[in-house]
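Please open the model in a viewer and keep the selection panel at hand. The tour below proceeds from one selection to the next.

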Amino acid sequence: LLISKERAVEHYVHQIMPALLTCMVHRKLCASPLDDHWGLRDAAARVVARACARFGADYPSLQPRVTRTLLGAVRDRAKPLTTQYGAIAGL
């Protein structure tokens, strides 16, 4: 959706971002520890970066809000390694 020039997704950015951030920093994303949750976190980080690059000028609070969320996850030492990893991947 973010790549498409034909769809007006800018109206939905603030609805999409929470789901993407969840895919980056949630404690447990997969039912099985054998599933590639690391890859999901990396992919979500790339999509968030693309969204910030594409829509940051139209929504100046987007990048600071994402950064604040991810920094909060990194700074909280009580968060699990999976959360820390996703936050660092996003930063």
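Helices are DSSP runs of H or I with at least four residues, numbered from the N terminus. The model on display is a predicted one.

**First stop: helix H4 and a surface patch**

Select residues 81–90, which make up helix H4, and locate Tyr85 within them. Is Tyr85 buried or exposed, or something in between? Its relative accessible area is 33%, and because the partly exposed class lies between 20% and 50%, Tyr85 is counted as partly exposed. Now add Trp38 and Leu81 to the selection: together with Tyr85 they form a nonpolar patch on the surface. The accessible area of these three residues together is about 310 Å².

**Second stop: helices H1 and H3**

Select residues 13–25 for helix H1 and residues 62–75 for helix H3. At what angle do H1 and H3 pack? The angle is about 20°, and the axes of the two helices lie 12 Å apart. Angles under 35 degrees count as roughly parallel, so H1 is roughly parallel to H3. The crossing in which H1 passes H3 is right-handed.

While H1 is highlighted, pick out Ala19, which has its place in this helix. With a relative accessibility of 47%, Ala19 is classed as partly exposed. Then select Ala89 as a distance partner: 70 residues separate it from Ala19 in sequence, and the C-alpha atoms of the pair are 16 Å apart in space.

Move next to Leu62, found in helix H3. Leu62 has a relative accessible area of 2%, and it is therefore buried, since buried means under 20%. A distance drawn from the C-alpha atom of Leu62 to that of Val13 should read 9.0 Å, although the two residues are 49 apart along the chain.

**Third stop: from H3 to H4**

Keep H3 selected and bring H4 back into view. These helices pack at an angle of about 140°, with 8 Å between their axes. H3 and H4 are therefore oblique to each other. Here H3 passes H4 in a left-handed crossing.

Between H3 and H4 there is a loop, and Ala78 lies in it. Ala78 counts as exposed because its relative accessibility is 66%, the cut-off being over 50%. Select Pro33 as well: Ala78 and Pro33 are 45 residues apart in sequence, with a C-alpha to C-alpha distance of 20 Å.

**Last stop: the segment before H1**

Finally, select Val9, which is found in the segment before H1. Is Val9 buried or exposed? Val9 is buried, as its relative accessible area of 5% shows. How far from Val9 is Phe55 in space? The C-alpha atoms of Val9 and Phe55 are 9.7 Å apart, while 46 residues separate the pair in sequence.

How values were computed. Residues are numbered from 1 along each chain as its sequence is written. This is a predicted model: local features need pLDDT of at least 70, side-chain atom pairs count only at pLDDT 80 or more; totals for chains, interfaces and linings use all residues. Side-chain values use heavy atoms; hydrogens and water are left out. Patches are made of residues with over 30% relative accessible area and no salt bridge: like charges are joined within 9 Å, nonpolar side chains (Val, Leu, Ile, Met, Phe, Trp, Tyr) within 5 Å. Accessible areas come from the Shrake-Rupley method with a 1.4 Å probe; for residues, only the protein chains shown count as cover. A salt bridge is a side-chain nitrogen of Lys or Arg within 4 Å of a carboxyl oxygen of Asp or Glu. Buried means under 20% relative accessible area, exposed over 50%, partly exposed in between (1.4 Å probe, protein chains only). Axes are lines fitted to C-alpha atoms, for helices over the stretch in contact, and angles run from 0 to 180 degrees between N-to-C directions. Angles under 35 degrees count as roughly parallel, over 145 as roughly antiparallel, 65 to 115 as roughly perpendicular and the rest as oblique. A crossing is left-handed if the near helix is turned anticlockwise from the far one by less than a right angle, and right-handed if clockwise.
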